[in-house]
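Hi,

Here is the structure I promised to pass on to you. Have a look at it first, and then read my notes underneath.

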Protein chains: 4
Amino acid sequence: MSDSLDELKARINAFVEERDWQQFHSPKNLAMAMIVEAAELVEHFQWNTTEESYQLTPEKLEQVGHELADTFVYLLRIAEVTGIDLIAAANAKIELNARKYPAEKVRGSNAKYTAYQEQ
Amino acid sequence: MSDSLDELKARINAFVEERDWQQFHSPKNLAMAMIVEAAELVEHFQWNTTEESYQLTPEKLEQVGHELADTFVYLLRIAEVTGIDLIAAANAKIELNARKYPAEKVRGSNAKYTAYQEQ
Amino acid sequence: MSDSLDELKARINAFVEERDWQQFHSPKNLAMAMIVEAAELVEHFQWNTTEESYQLTPEKLEQVGHELADTFVYLLRIAEVTGIDLIAAANAKIELNARKYPAEKVRGSNAKYTAYQEQ
Amino acid sequence: MSDSLDELKARINAFVEERDWQQFHSPKNLAMAMIVEAAELVEHFQWNTTEESYQLTPEKLEQVGHELADTFVYLLRIAEVTGIDLIAAANAKIELNARKYPAEKVRGSNAKYTAYQEQ
């Protein structure tokens with residue numbers, strides 16, 4: 001049974017192939033395209049306080065959804081062209097992080113969190 | 001039947017809650033964290049030619065997988081805290097893009113591609 | 001009389017030439033390198049509140065100085081290879097912004113500021 | 001004798017104060033704003049080959065100049081609010097880099113360059 005992520009990936013690949021855009025989708029170019037989309041998300045929050053960033057109007061929420069979608073599409077394309085299984089890679093990384101940041105040592109402190117994150 | 005993406009999201013949320021890190025995961029902070037991970041991906045390719053970026057050693061490929069994973073984890077967290085359904089948002093965005101870039105008009109030309117992308 | 005910025009530019013150019021690194025310094029590659037450095041700056045502040053980001057320890061301040069320096073060096077390199085006069089470009093942009101955001105219309109309001117910035 | 005960089009900094013500070021925008025210019029927010037501008041530069045080159053990125057039309061060159069200017073303005077603002085002397089920081093960083101990447105060891109090789117850069 002194919003799931004919704006597989007369907008999305010197939011749809012994105014078809015979209016790219018119909019336009020003959022694979023030729024522009026090198027890992028280098030896609031990494032650039034993805035960070036541009038990530039920056040469009042950052043732009044929505046740059047003058048907000050931390051608190052304001054939780055309170056999104058419906059219009060803003062829709063725009064944020066578009067930026068997330070664009071970032072996700074390029075992320076899936078990079079995974080596609082490099083042959084990386086994104087779900088497996090994320091699961092493996094969480095395993096690593098769980099060992100790197102044991103819950104009992106890092107719980108709840110900003111200072112500790114930052115110190116651990118920066119290692 | 002839950003799929004692998006739902007399982008991954010549940011796992012990430014549990015990871016964050018066990019560490020009491022929700023308090024740091026505002027949309028603003030998560031957008032910053034995500035672009036930092038996206039930049040770590042960019043760093044892998046910055047001195048490569050376009051061609052070289054396709055030819056990744058196993059070691060490099062593993063590192064690229066880690067950066068993709070980190071970006072994905074933060075993307076899923078942003079979707080979580082903003083209540084956005086990432087799969088639905090991506091499908092909606094592809095619909096929009098399909099109308100914005102009709103295949104017959106943009107096929108294969110770098111010049112056309114760039115011009116369309118920049119609109 | 002040459003000023004300190006001209007001296008810095010000459011020094012950076014000599015550094016690059018002594019290493020025969022001009023060949024890697026295309027506008028495309030340098031733009032990637034610069035955003036990677038900008039992200040290293042973002043990383044310092046990603047889990048801070050807005051208020052905390054003003055309170056930097058001497059150690060953190062030194063690190064922030066390194067990231068600013070790296071970003072500046074690549075910015076100057078991009079200006080060099082594209083033949084753009086950075087000071088002149090910045091002065092011209094401020095003129096444009098002064099017309100785009102008249103002081104009497106945008107003064108002090110976050111809402112107004114954001115709305116103007118997003119146009 | 002004041003130089004052109006000092007004049008530019010004074011002009012930017014006056015621009016911000018006339019609009020009462022200092023309140024939004026925390027290091028955290030400015031780091032976000034700067035990376036957004038850096039990404040607008042990246043966007044200009046994302047689908048270019050390395051070679052194409054050298055060949056800018058006058059129109060594109062003007063746009064690139066705007067992005068460089070915007071990045072520079074935020075860089076100067078971050079230096080201002082953190083009290084960092086950007087020229088001094090850049091000179092100090094070049095000293096560090098000169099020791100880290102001795103010319104005779106790293107000259108001209110992409111492989112070596114990348115390996116050294118990644119340390």
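Below is what I found where chain C meets chain B.

This is a predicted model, so local features need pLDDT of at least 70 and side-chain atom pairs count only at pLDDT 80 or more, while totals for chains, interfaces and linings use all residues. Residues are numbered from 1 along each chain as its sequence is written, chains are lettered from A in the order in which they are written, and side-chain values use heavy atoms, with hydrogens and water left out.

Chain C and chain B each bring 17 residues to the contact (heavy atoms within 4.5 Å). Together they bury about 1400 Å², 69% of it on carbon and sulfur atoms; buried area is the accessible area (1.4 Å probe) that two parts lose on being put together, summed over both. Val36(C), Gln46(C) and Trp47(C) supply 40% of the area that chain C buries against chain B, more than any other three residues. Helix 2 of chain C (residues 27-45) gives the largest share of that side, 11 residues; helices here are DSSP runs (H or I) of at least four residues, numbered from the N terminus.

How many salt bridges cross the interface of chain C and chain B? The rule finds 0, looking for a side-chain nitrogen of Lys or Arg within 4 Å of a carboxyl oxygen of Asp or Glu.

Now the symmetry. A turn of 180° and a shift of 0.0 Å along the axis lay chain C on chain B with an RMSD of 0.0 Å (least squares on C-alpha atoms of residues with pLDDT of at least 70 in both). That is the relation of a two-fold axis. In chain C, Ala39(C) has the C-alpha nearest the axis, 3.1 Å from it.

Happy reading!

Notes: Helices (H or I, at least four residues) and strands (E, at least two) are DSSP runs, numbered from the N terminus.
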